[in-house]
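Here are a few notes to help you find your way around this one. Have the structure open as you read, and take the points in order.

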Amino acid sequence: MAWLGIFIILLLAFVVAWWSTRSRPKCPECGSQKIRITGKEPQDFRTVDYHSGGPGGGYTSVQTSYKVTYRCGQCHASWQKTITESR
Ligand SMILES: [Zn+2]
C-alpha cells in the first residue's frame with residue numbers, strides 16, 4: 001500500500017500550494033506576488049450585536065472595512081481592494 005502514502009503526500013502538497021497561492025494576494029496584471037500595500041484607509045464600520053438574552057449577556061462585534069491600495073513590485077501596477085476586518 002505504498003502508493004496510498006505517496007498519494008496522500010501529493011494531495012497534502014497540492015492543498016498547501018493551493019492554500020498559499022489563495023491566501024497571498026497576487027498582481028492582477030502579471031500574477032507576481034512581489035506586491036506591497038501602499039495605503040490602507042478605513043471606509044466605514046458597523047457594529048453587530050449578539051444577544052444571548054438577559055442583562056449583561058451577548059457582545060458587540062465591530063466590523064471595519066478598509067480600502068487597501070496594493071502596488072506590484074514587478075510591473076508597478078496598482079489596484080485597490082476593500083477588505084473587512086472584525087474584532
Ligand atoms: Zn504586476
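1. Before anything else: this is a predicted model. Keep that in mind through all the points below.

2. Start with the inventory. The chain has one helix and three strands, and read from the N terminus the elements run α-β-β-β. The helix therefore leads, and the strands come after it. As for overall form, the radius of gyration is 20 Å, whereas the globule rule gives 12 Å for 87 residues, so the chain is more spread out than a compact globule.

3. The extent of the C-alpha trace is worth a look too: along the principal axes of the chain it spans about 60 × 45 × 15 Å. How many of the 87 residues count as buried, as a percentage? The figure is 2%.

4. Now the sheet. The three strands make an open sheet in the order S1-S2-S3, and the pairing is antiparallel. S1 and S3 are at the edges with a single partner strand each, so each has one side without a neighbour in the sheet. From one strand to the next, the twist averages 15°.

5. Take the S1 and S2 pair next. S1 covers residues 35–50 and S2 covers residues 59–72, and 14 bridges join them in the antiparallel sense. Two positions help you get your bearings: Phe45 faces Thr64 in S2, and Gly39 faces Thr69 in S2.

6. Thr69 is a handy residue to follow across the sheet. On one side Gly39 stands opposite Thr69, and in S3 the residue opposite Thr69 is Gln80. Tracing Gly39 to Thr69 and then Thr69 to Gln80 takes you through the strand order S1-S2-S3.

7. On to S2 and S3. S3 is made of residues 78–86, and S2 pairs with S3 in the antiparallel sense over nine bridges. Arg71 has Ser78 in S3 as its bridge partner. Between these two strands the hairpin has five residues, and His76 takes a positive phi near 60° there.

8. Is S3 buried or in the open? None of the nine residues of S3 is buried, so the strand lies largely in the open. S3 is also one of the two edge strands, with S1 at the other edge.

9. One last number, on contacts along the chain. Among contacts with a separation of 6 or more, 47% are between residues 24 or more positions apart.

Conventions
Residues numbered from 1 in each chain as written. Predicted model: local features only at pLDDT ≥ 70, side-chain atom pairs only at ≥ 80, totals over all residues. Pairing = 2+ DSSP bridges. Helix = DSSP H or I, 4+ residues; strand = E, 2+ residues; numbered from the N terminus. Axes fitted to C-alpha atoms, helices over the stretch in contact; angles between N-to-C directions. Buried ≥ 20, exposed ≤ 12 C-beta atoms within 10 Å, placed from the backbone. Rg over C-alpha atoms; globule rule 2.2 N^0.38 Å. Contact = placed C-beta atoms within 7 Å.
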